[in-house]
Amino acid sequence: MTRLLRLLVLSLGAAVVLFPFLFMLSTSFKPQAEVFSAGLSLIPSHFAGWENYAKAFTRIPMARILLNGVVVCLAIVGFQLVFALPAAYALAKLRFPGRDLLFGLVLLGLLVPIHAISIPLYAAARALGLLNTLAVLIVPFTLSVFAIFLFRQFIKAIPDDLILAARSDGLSEAAIVWRIILPNAWSAASAFAIFSVVAHWNDLYWPLIAISKTQLATPPLGLLFFRAAEAGDDYGALMAATVIITAPLILFFLFAQRLFIEGMTMTGLKG
Amino acid sequence: MPANPAAAAARLEARAAWWLTGPTALLMLVLLVLPTLAVLALSVTDAELGVPAINFLGFDAYTDLLTDRTFLGALRNTALYVALVAPASVLLGLGLALLVEAELGGRAFFRSVYFLPVVSLIVAMASVWQYLMHPSIGPINLVLRLLGASGVNWLGSSDNVLFALAVIGIWQALGFNMVLFMAGLTTIDRTLYAAAEMDGARSAWDRFRLVTWPMLGPTTVFVITISVINAVKVFETVATLTQGGPAKASETLLWVIYQEGFVYLHVGTASAMAVVFIALLLFLLVLQTRVLDKQVHYG
């Protein structure tokens, strides 16, 4: 009895949560007339999927925009790992003058989101002629104080003996980072990677400021351009565009659910 | 051979550490420290992008904000949005976590379903919600009319717009909070429930009140803080759907910072607002730490 009630509540909730996804898919197959005839039917009586998806791919350079998103996210996460892992290792395991100052800056950095410092970053990018380049979408995020903070916690738990043994085997400190620390911190690194990709795939604030060319848009910005280019309410085409742009992360999530959920919760600290 | 091998080893270690942290330290200077100092400096001026003359206003820049109707409106709207989204998404997240955790059969399925909005592009899903909330053809109003209620002008009325945005915000945050609570639930020692039962806690409510709720304390504080901070940062839905309207009713903090800084190019004013924004985040984190420190830790 309790179980039945519980299943009922959970199913109702699931239906509410899935409601937008269902209508997104269904409307992306509907012709405009049918969207405006205001019915609740999920199955289109006249299939207009081809037209809608064709519009979504041609009104804006959709393939290019998706590629931009992939390139930017991969570059960001790559740089973040390359910079953060060695720094986190040094902060966790080595003694050196300036360590406390550096860690203090990491903590300070956790407090300052990109939104708050976007004005000087924009001014600098403009002065350097970097606006409307893919580089400007990547460079401000190459440093992730959050990654440093997270990895430092994780590396602290790695036994010192492991590092001492590697050192006595003649490994340099840099080699220790990539051959000893990285394999041992793999779960933290992959969780962070997921978190970072989701965050930057979604980010609108910085691309909106730094990019005005459709060719260089990331998926969220591309969708804004699509909405602006779309006269009237062509919801069929708009929904087709949202399906295309939402699909990559959702598919990725469905294939690697545990990793995703771990990544997002372990890094839940980041506000 | 150096006279003191220990000192030599320490020097070697420090040199290695500087090599490892050097690039990061440099990035930190360029991407974090200097921009933050620049925002602080700009915040006490009336600087405008493209205007060479800059006047020093000092602390007046901040007292000016107190009479800035756009800024005060944005603060009020943001506070209202947070007051709608944070409690609802925390409570619903907790409820769902308890239900899903208890439901052994469908646990993985329900967890994935509720988590789906978290990994969906918010700008795209906002567009979907706009269609769902369309006053005449939107499915939500169609359902309401089917149930005999009258339709609601969700995004187009200044009375409802924050509420409509909050619905989207709650929908997006729900699964995230649920998963955080589920992680908290798995750390609770099962034997505590048996002990509580021995002491006479028979009903599910008693078990929740005596064991689950107190043991979840730190998780709850953490989830509340994240929910509040994320809600304070609301921007994507506003930029996509309402542009702060109608009649400024959905202008939020980040939206007006963006407008002032990048549309009107009042970088001085925008910087002062950004400093207030950082101060607000700092305040929330200090508050969280205080509450966590005061709490009794059972675990």
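Start by selecting residues 161–186 of chain B, which form helix H7 of this predicted model. At 1.5 Å a residue, its 26 residues should span 38 Å, and the C-alpha atoms at its two ends are indeed 38 Å apart, so expectation and model agree.

Now zoom in on B:Ala173. Here H7(B) bends by about 35°.

Next, keep H7(B) selected and show everything around it. Is this helix mostly enclosed or open? Of its 26 residues, 21 are buried, so the rest of the structure largely encloses H7(B).

Then bring chain A into view and look at where the two chains meet. On one side, 77 residues of chain B make contact; on the other, 71 residues of chain A do. Which element supplies the largest share of chain B's side? Select residues 5–43 of chain B: this is helix H1, and 21 residues of the side touching chain A come from it. Colour that side of chain B by residue class and you will find 62 nonpolar, 12 polar and three charged residues.

For the last stop, stay with chain A and colour it by domain. The domain assignment gives domain 1 as 2–47 and domain 2 as 61–229 + 238–266. If you place a marker at the C-alpha centre of each of these two domains of chain A, the markers will lie 35 Å apart. Where the domains touch, domain 1 of chain A contributes four residues and domain 2 of chain A also contributes four residues. On the domain 1 side of that contact in chain A, two residues are nonpolar, two are polar and none is charged.

Definitions and conventions:
Residues are numbered from 1 along each chain as its sequence is written. Chains are lettered from A and ligands numbered from 1 in the order in which they are written. This is a predicted model: local features need pLDDT of at least 70, side-chain atom pairs count only at pLDDT 80 or more; totals for chains, interfaces and linings use all residues. Two residues are in contact if their C-beta atoms, placed from the backbone, lie within 7 Å. Helices (H or I, at least four residues) and strands (E, at least two) are DSSP runs, numbered from the N terminus. Ala, Val, Leu, Ile, Met, Phe, Trp, Tyr, Cys and Pro count as nonpolar, Asp, Glu, Lys and Arg as charged, and the others, Gly among them, as polar. Domain bounds come from an automatic or database domain assignment. The expected span of a helix is 1.5 Å times one less than its number of residues. The bend at a residue is the angle between axes fitted to the seven residues ending there and the seven starting there. A residue is buried if 20 or more other C-beta atoms lie within 10 Å of its own, exposed if 12 or fewer, and partly exposed in between; C-beta atoms are placed from the backbone.
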